[in-house]
Amino acid sequence: MSAADLLASDFATLPAILQAHAQEQGDKIAVADASATLTYAQLDTLMNRIAGALQRDGVAQGQSVAIIASASVEYAAIFLGALRAGCVAAPLAPSSTPEALAAMIGDCGAPVVFVDGENAAAIAGQHTSAKQVRLDTPEFYDWLAAEDAHPAPVTIRPEDGFNIIYSSGTTGTPKGIVQSHAMRWAHIGRNSAGGYGDAVTMTSTPLYSNTTLVSFLPTLGWGGTVVLMKKFDARAFLELAERHRATHAMLVPVQYQRIMALPDFDRFDLSSFRLKTSTSAPFSAALKADVLKRWPGMLVEFYGMTEGGATTGLNATEHPDKLHTVGQPLPGHDMRLIDENGHEVPQGETGEVVGRSPAMMTGYHGREKATADAEWYDSDGNRFIRHGDIGRFDEDGFLILMDRKKDLIISGGFNIYPVDLEAVLKQHPAVQECTVIGVSSEAWGETPVGFYVPNTSIATSSAEIMSWTNAQLGKTQRLSALHAIDELPRSAIGKVLKRELRDRLAKENA
């Protein structure tokens with residue numbers, strides 16, 4: 001069956017689609033990194049060799065295959081080759097502690113883990129039963145099945161596991177989010193209008209992140225080219241994009257911020273860009289406006305969850321008056337707002353976001369209670385996923401996010417949304433970046449505390465900045481303290497790690 005026929009069907013697997021691309025456009029580059037490329041034919045062959053080796057070693061269909069490495073063409077081939085064997089890809093964050101990595105390997109039950117030299121030490125000394133294979137040495141090619149290998153065919157059902165993405169848990173082992181082939185098929189299919197067939201897509205976030213996969217997988221599914229960055233650097237991104245005549249990119253907001261801040265941004269030829277997307281963290285209206293003004297191509301922001309649920313999309317190019325929102329639910333996505341008692345709130349009121357769509361996780365691996373806690377059912381018994389965010393819909397059905405539910409500050413009985421305080425604080429010229437957290441208070445229950453990265457070209461004290469900020473805020477919103485910090489702690493996809501700031505304050509006040 002041709003790739004076009006597969007993509008037009010009700011369900012197809014990515015390994016089957018890639019095999020069709022290899023037969024129809026085998027010489028086209030599928031994946032590139034800084035030092036190597038794989039055509040579709042080469043990728044298909046390498047996937048066969050990986051799948052054959054996994055089957056030879058007794059890795060059964062449905063078992064997990066763990067990967068702890070930086071982005072590379074080998075990483076991509078292992079991820080996809082595992083799928084061809086009917087296995088579940090389990091990409092793990094190398095930045096996790098050795099203990100957490102060992103726990104995740106045990107949690108997903110992976111009998112084999114692929115590591116590169118840079119991250120081999122991450123699990124050195126940890127007791128796991130998983131066989132280790134280095135993916136960046138001759139050992140990897142010795143491990144592979146023969147070049148003409150043809151793995152035993154497997155039947156993959158829509159509900160079968162495609163990958164497990166581990167959340168960044170605050171304590172203990174992160175939760176493994178199981179995503180099915182049906183969910184990933186929905187991700188590929190919904191991008192039919194994205195122009196990925198002749199795309200050159202820049203990916204500059206890690207392959208263990210869902211943020212990366214939602215552009216990586218559709219690009220390969222539709223037959224485009226993916227350019228992998230091992231580590232993000234603003235200038236290197238622009239140089240690489242210019243060299244490859246990139247057409248698409250998925251960037252998180254902090255990456256846009258660093259790119260747009262380059263003094264010579266405007267000298268780069270970015271005229272080949274057709275679509276830029278963003279997700280995973282708050283994207284300020286001012287930054288969106290700057291991207292629209294100076295960077296060619298459409299800008300679309302997506303809001304959703306790794307767990308699935310519903311997704312909104314904001315075509316910022318078409319709706320420049322809605323940059324303060326994250327857009328409207330995508331077609332086929334049902335998003336609602338509920339109160340603390342699980343009842344839907346009236347139009348225009350604030351509530352917790354819940355969503356339902358074809359792209360929803362199966363559940364948290366081995367955690368029935370956690371899965372149940374993440375679900376909400378409407379009066380007709382339809383399953384929704386709780387997003388954990390608080391928001392409201394405007395009169396046109398565009399979602400305005402207020403904050404994470406867990407980050408809501410309740411001070412003296414009043415609800416305080418950190419995002420509102422951050423919006424004011426970042427307007428001060430001496431503030432480069434900022435965030436606000438809630439800390440315990442004997443008098444108020446909780447009180448807001450701010451952190452900011454100073455603009456070193458402006459000499460202003462924290463006390464002066466806090467006084468200025470509080471003068472713009474309501475009486476119940478005012479900051480009780482403001483701390484200068486060299487850099488905000490962030491995850492690999494740019495989310496501010498507020499728990500690290502809370503832990504820092506707790507240690508200082510102990």
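Student: What stands opposite Tyr303 in strand 14?

Tutor: Thr312 does, in this predicted model. The two residues sit in strand 13 (residues 298-303) and strand 14 (residues 312-315), which run antiparallel.

Student: What makes strand 13 and strand 14 a pair, and how many bridges join them?

Tutor: Four bridges join them. Pairing asks for at least two bridges, so strand 13 and strand 14 count as paired.

Student: Which sheet has the strand order that takes in 13 and 14, and what kind of pairing does it have?

Tutor: That's the open sheet of nine strands, ordered 2-1-10-9-11-12-13-14-15, with mixed pairing.

Student: Why is one side of strand 2 and of strand 15 left without a neighbour in the sheet?

Tutor: Strand 2 (37-39) and strand 15 (328-329) stand at the edges with a single partner strand each, so one side of each stays without a neighbour.

Student: Which strands does helix 11 lie across?

Tutor: Helix 11 (residues 285-294) lies across strand 12 (275-278), strand 13 and strand 14, at about 150 degrees to strand 13. Angles run from 0 to 180 degrees between N-to-C directions, so the angle also carries the sense of direction.

Student: Over to the three-stranded sheet. Why is the pairing in the order 24-25-26 called mixed?

Tutor: Go through the pairs. Strand 24 and strand 25 (residues 445-454) pair in the antiparallel sense over ten bridges, with Val439 opposite Thr447. Strand 25 and strand 26 pair in the parallel sense over four bridges, with Val449 opposite Ala481. One pair is antiparallel and the other parallel, hence the mixed pairing of this open sheet. Strand 24 (431-441) and strand 26 (481-484) are its edges, each with a single partner strand, so one side of each has no neighbour in the sheet. The twist averages 25 degrees from one strand to the next.

Student: Which helix packs on the sheet and touches strand 24?

Tutor: Helix 13 (residues 418-425), which touches strand 25 and strand 26 too; its direction makes about 145 degrees with that of strand 24.

Student: How does the chain get from strand 25 to strand 26, and what is the hand of the crossover?

Tutor: The chain goes through helix 14 (residues 462-472), and this β-α-β crossover is right-handed. Right-handed here says that, with the strands pointing away from you, the path over the helix runs clockwise.

Student: On to empty space. How many cavities of 30 Å³ or more does the structure hold?

Tutor: One. The largest cavity has a volume of about 40 Å³. The word "cavity" applies because a 1.4 Å probe fits there but cannot get out.

Student: Which residues line the largest cavity?

Tutor: Ala12, Thr13, Leu14, Phe162, His181, Arg184, Trp185 and Ile188. Helix 7 (residues 181-189) gives the most, with four residues. The lining divides into five nonpolar, two polar and one charged.

Student: And what is the volume of the second largest pocket?

Tutor: About 420 Å³. A pocket is an open set of points, so "cavity" would be the wrong word. Of its 22 lining residues, Asp33, Ala34, Ser35, Ala71 and Lys230 are the closest to the centre.

Student: Which helix has the largest share of that pocket's lining?

Tutor: Helix 9 (residues 234-244), with five residues. By class, the lining divides into eight nonpolar, five polar and nine charged.

How values were computed
Residues numbered from 1 in each chain as written. Predicted model: local features only at pLDDT ≥ 70, side-chain atom pairs only at ≥ 80, totals over all residues. Heavy atoms only, no water. 1 Å grid on protein atoms, 1.4 Å probe; cavity = no way out; pocket = protein on both sides within 12 Å on 5 of 7 lines; lining within 4 Å. Points joined across faces, edges and corners; volume = space filled by probe spheres on them. Nonpolar A, V, L, I, M, F, W, Y, C, P; charged D, E, K, R; others polar. Contact = heavy atoms within 4.5 Å.
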